[in-house]
Amino acid sequence: MTRSTASEGLREAILAISRDLLNEGGPSSLSMREVARRAGCTHQAPYHHFRGREGILVALVEEGYRSLERALREARERSDGASPQDVTRAAGHAYLSCALANPGVFRIMFRSDMYDADAHPGLRQASLAARSQLRSLAHTAYGTDDPHAEVTLWAYIHGLATLVLDGPPALGSGQDAQCFARQSIESPFFIDGVTGA
């Protein structure tokens with residue numbers, strides 16, 4: 001194994017461990033010391049790849065937005081020519097799947113207090129790319145470029161994902177909440193509310 005391969009392997013391990021820590025205990029559980037301990041490296045080794053905790057968060061959030069952009073783009077491509085209701089369903093399922101795949105990262109993606117997006121052009125670009133896909137889906141579902149259409153669709157699907165991850169106990173938890181959310185996306189209440197059908 002070359003030195004650069006080993007270095008890249010450590011970088012990926014740091015990101016994987018950080019994802020796990022965010023999933024287990026949220027942002028407060030992510031520390032450079034704990035990452036190093038779990039990675040089995042010196043306390044200074046993570047700093048060779050990231051300036052600090054925010055650097056790790058920025059890398060994970062950028063990765064999260066790229067995953068969201070890819071999922072929304074695939075949903076848009078799959079629903080080309082579909083009804084507004086089917087486009088809305090596709091957007092809802094894609095968004096929810098991203099949130100459930102990486103809940104710890106999803107929880108911090110929209111928290112501007114966790115990182116300075118303006119200081120990280122790659123993160124900002126990834127965020128705008130995801131939003132562009134959402135805008136395209138909203139245009140197809142609503143038939144308009146009105147920014148209120150995009151925000152309405154976004155509020156519906158983001159709100160649903162947030163309820164599944166952090167909602168009240170009355171909603172259920174785990175698989176029950178996920179199943180309920182997927183059924184909600186398929187329900188006429190969700191579809192009619194978003195598309196105005």
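R107 is partly exposed, with 31% relative accessible area (buried means under 20%, exposed over 50% and partly exposed in between, using a 1.4 Å probe and protein chains only). The model is predicted, so local features need pLDDT of at least 70 and side-chain atom pairs count only at pLDDT 80 or more, while totals for chains, interfaces and linings use all residues. Residues are numbered from 1 along each chain as its sequence is written, and side-chain values use heavy atoms, with hydrogens and water left out.

**Salt bridges**

Side chains of opposite charge can pair when their charged atoms come close. Across the whole structure a search finds 14 salt bridges, a salt bridge being a side-chain nitrogen of Lys or Arg within 4 Å of a carboxyl oxygen of Asp or Glu. Three of these pairs are set out below.

| Pair | Closest N to O | Location of each residue |
|---|---|---|
| E63 and R19 | 2.7 Å | helix 3 (residues 53-78) and helix 1 (residues 3-25) |
| E186 and R89 | 3.2 Å | helix 8 (residues 174-186) and helix 4 (residues 84-101) |
| D166 and R107 | 2.9 Å | helix 7 (residues 147-166) and helix 5 (residues 103-109) |

Helices here are DSSP runs of H or I with at least four residues, numbered from the N terminus. Because E63 lies in helix 3 and R19 in helix 1, their salt bridge ties together parts that are 44 residues apart in sequence. Within this pair, E63 counts as partly exposed at 29% relative accessibility, whereas R19, at 18%, counts as buried.

The salt bridge between E186 and R89 links distant parts of the chain, with the two positions 97 residues apart in numbering. E186 is itself partly exposed, at 40% relative accessibility.

In the pair formed by D166 and R107, the partners are 59 residues apart and again join distant parts of the chain. D166 is partly exposed, with a relative accessible area of 47%, and R107, as stated at the outset, is partly exposed at 31%. Elsewhere, salt bridges that share partners join E24, E34, R37 and R38 into one network.

**Cysteines**

How many disulfides does a search of the whole structure find? The search finds 0 disulfides, a disulfide being a pair of cysteine sulfur atoms within 2.5 Å. For C179, the closest cysteine sulfur is that of C98, which lies 19 Å away and is therefore too far for a bond. C179 counts as partly exposed at 40% relative accessibility, and C41 also counts as partly exposed, at 21%.
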